[in-house]
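Good morning, everyone, and thank you for making room for me today. I would like to walk slowly through one protein chain with you, so please have a look at it first.

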Amino acid sequence: MSPSQPGTPANLEAAFGGESMANRKYLFFAEVAKQLGNAELAKLFRDTANQETEHAFAHFRLLHPELVIDNPEALSDSEKQAVLTRCLALAIEGETYEYTTMYPEFAAQARAERNETAAADFDEQIAESQEHATIFRRAASNFGFLTPIEHHHAERYGVALEALEGKGSAGESESPVAGKWICKFCSMIYDPAIGDPEAGIAPGTPFEAIPDDWHCPICGTRKANFVPYREPELKAA
């Protein structure tokens with residue numbers, strides 16, 4: 001099935017995005033309900049999240065019929081290779097957009113809105129403006145942290161694509177990048193040149209000097225869950 005109307009692909013993209021967002025949102029709600037001791041509500045959110053995933057998959061299959069596999073056994077090795085190559089190409093495209101365009105633009109806008117908010121003149125807006133300024137500062141900071149994460153994802157997909165093409169095997173550099181550490185859960189990369197100013201970690205602070213009670217600014221995990229960062233690398237076959 002292929003969309004016949006010009007606006008249908010855009011609508012399918014929007015529907016896919018909406019269902020995907022609902023899935024992650026409901027999983028978040030499920031975790032909140034679990035933390036608050038409401039197992040029944042947590043299950044409801046998880047079950048609904050799974051249903052939203054199926055809805056999203058249905059939209060994605062219409063957007064990319066070339067990725068729909070009815071009978072894997074009937075595909076030749078070259079056909080399987082083409083499908084997997086397409087998956088990696090789409091992944092690289094998405095991650096590259098995120099680190100080259102989306103997050104840099106988001107960070108710039110957050111910084112601009114922070115400045116505008118801080119300039120509020122009316123007394124009744126001061127408290128709200130301070131709250132907004134804090135949110136925007138953290139948003140700008142997080143968008144900045146997310147840029148190298150998406151770059152890292154794109155590089156990993158690129159190496160995986162080369163491995164799929166028979167050029168070698170996917171791996172990591174033997175030597176870690178000096179000074180950089182990566183979160184095992186969300187791939188946030190701590191760069192001492194940047195630090196984490198919003199958490200009081202000044203630029204130039206080596207990872208080893210960060211207090212043990214510091215947490216990842218993206219996912220909130222402990223400092224202990226960071227490991228030395230090694231760049232993705234294509235190994236010889």
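Let me begin with a question: is Asp 212 buried or exposed? Asp 212 is exposed, because its relative accessible area is 68%, where exposed means over 50% relative accessible area, buried means under 20%, and partly exposed lies in between, with a 1.4 Å probe and protein chains only.

Before going on, I should say that this is a predicted model, in which local features need pLDDT of at least 70 and side-chain atom pairs count only at pLDDT 80 or more, while totals for chains, interfaces and linings use all residues. Residues are numbered from 1 along each chain as its sequence is written, and side-chain values use heavy atoms, with hydrogens and water left out.

As for the overall layout, the protein has 4 helices and 5 strands, which here are DSSP runs numbered from the N terminus, helices being H or I with at least four residues and strands being E with at least two. Read from the N terminus, the order is α-α-α-α-β-β-β-β-β, and of the 237 residues, 29% are buried.

Let us take helix α1 next, which covers residues 8-35. Its 28 residues should span 40 Å at 1.5 Å a residue, and since its end C-alpha atoms are 40 Å apart, the two values agree; the expected span is 1.5 Å times one less than the number of residues. The buried residues of α1, among them Leu 12 and Asn 23, pack against α2, residues 39-63. Just after α1, Gly 37 takes a positive phi of about 85°.

Now to charges, where a general remark helps: side chains of opposite charge can pair when their charged atoms come close. A salt bridge here is a side-chain nitrogen of Lys or Arg within 4 Å of a carboxyl oxygen of Asp or Glu, and by this rule the count is 6. One of them joins Asp 47 and Lys 43, at 2.7 Å from N to O, and both residues lie in helix α2, 4 residues apart, or about one turn of the helix.

Our opening residue, Asp 212, forms a salt bridge with Lys 223, the closest N and O atoms being 3.8 Å apart. Both partners lie in the loop between β3 (189-190) and β4 (226-228), so the pair ties together parts that are 11 residues apart in sequence. Lys 223, unlike its exposed partner, is buried, with a relative accessible area of 10%.

Lys 223 also leads us to Phe 207, which is in contact with Trp 181, Tyr 190, Trp 214, Lys 223 and Phe 226, leaving aside neighbours within four places in sequence; contact means heavy atoms within 4.5 Å. Phe 207 is among the residues with the most contacts inside the largest nonpolar core, which has 16 residues. Such a core is a set of buried Ala, Val, Leu, Ile, Met, Phe, Trp, Tyr and Cys residues joined through side-chain atoms within 4.5 Å. The largest share of this core, 3 residues, comes from α4.

Finally, how many disulfides are there? The count is 0, a disulfide being a pair of cysteine sulfur atoms within 2.5 Å. For Cys 186, the nearest cysteine sulfur, that of Cys 216, is 3.6 Å away, and Cys 186 counts as buried, at 17% relative accessibility.
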